[in-house]
Amino acid sequence: MMTRRHILTASVALPALAALPGCLRPAPRPGPNGVTLPAIYRIDPADVARIRSRARDGVNAQRHAADAPPVALDAALNAAAAAHARDMAARNRAGHLGPDGATPVERAGRAGYRGTVLGETIAESYEDELQTVTAWFNRADTRAVLVDPRARDMGLGVVQTGGGKIWWCLLLGDGADRA
C-alpha cells in the first residue's frame with residue numbers, strides 16, 4: 001500500500017553525493033553588500049538525460065550504503081514522473097495526486113509500466129538534482145522509499161518554470177515486468 005510522501009527540499013550535502021561530477025551549478029557571486037547571492041540552477045531540456053543519470057547515481061550511492069541493490073532508469077517510469085512534474089508545475093502545487101485524481105500507480109500504468117510502483121517522492125525547489133536527492137535522503141519517510149530493497153527501477157521527471165522553480169518527481173518500481 002502506498003502512503004503519501006511530500007517534501008519541499010532543504011539545501012544540505014552528503015559526501016557520497018557531493019563526489020559526483022558534472023554539476024551545472026553556477027559560480028556564487030557576491031551582492032552589493034558582499035553577501036553571496038543565491039544562484040538559480042538553470043536546466044536546459046537537453047540536459048534532462050544527464051540529470052536523470054546523476055540523480056540515479058546519487059540514489060544508488062545511498063542504496064549501496066544501505067545494502068540495497070541498485071536501481072536502473074526505466075523509460076515508462078521516466079515518462080510517468082515527467083508527466084507528473086509537468087502537472088505539478090502547471091498547477092503550481094506539489095502533491096501525489098494528478099489533476100484527474102490519478103495516483104502514482106495509475107500514472108505509471110498509463111505510461112506502460114508493468115511492474116509494481118513502490119513509492120514516489122516529489123519536491124519543488126530551486127536546487128539541483130544532487131541537492132534534491134540529498135534532501136530526500138535526509139528525511140526518514142522519503143529515505144525509506146528510496147532505499148526500499150525491492151526497488152529495481154527508477155524514473156525521474158523534472159520541469160523548470162520561467163521563474164526558476166524546479167518541480168521534481170521520482171518513482172520507484174520493482175522491475176517485475178522484466179521477470
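At the start of α5, D128 makes a polar contact with the helix: one of its side-chain oxygens comes to within 2.9 Å of the backbone nitrogen of L130. A polar contact here is an N or O pair within 3.5 Å, with one atom able to donate a hydrogen and the other to accept it; residues adjacent in sequence count only if both atoms are side-chain atoms. The model is predicted, so to speak of local features takes pLDDT of at least 70 and side-chain atom pairs need 80 or more, while totals for chains, interfaces and linings use all residues. Numbering runs from 1 along each chain as its sequence is written, and side-chain values use heavy atoms, leaving out hydrogens and water.

Helix α5 (helices are DSSP H or I runs of at least four residues, strands E runs of at least two, numbered from the N terminus) is mostly covered, with nine of its nine residues buried. Buried means under 20% relative accessible area with a 1.4 Å probe, protein chains only. Among them are E129, Q131, W136 and F137.

As for nonpolar cores (buried Ala, Val, Leu, Ile, Met, Phe, Trp, Tyr and Cys joined through side-chain atoms within 4.5 Å), the largest has 23 residues, and M154, W168, L170 and L172 have the most contacts inside it. At least two residues each come from α2, β4, α5, α6, β5 and β6. Another core, of 15 residues, lies apart and includes A81 and I122.

Then there's R63, in α2 (residues 48-65). R63 is buried but has no salt bridge, the nearest oppositely charged side chain being D148 at 6.3 Å. A salt bridge would put a Lys or Arg side-chain nitrogen within 4 Å of an Asp or Glu carboxyl oxygen. Instead, the R63 side chain reaches the backbone oxygen of P69 at 2.6 Å.

How values were computed:
Buried < 20%, exposed > 50% of the residue type's maximum accessible area, 1.4 Å probe, protein only. Lys, Arg positive; Asp, Glu negative; His and termini not counted.
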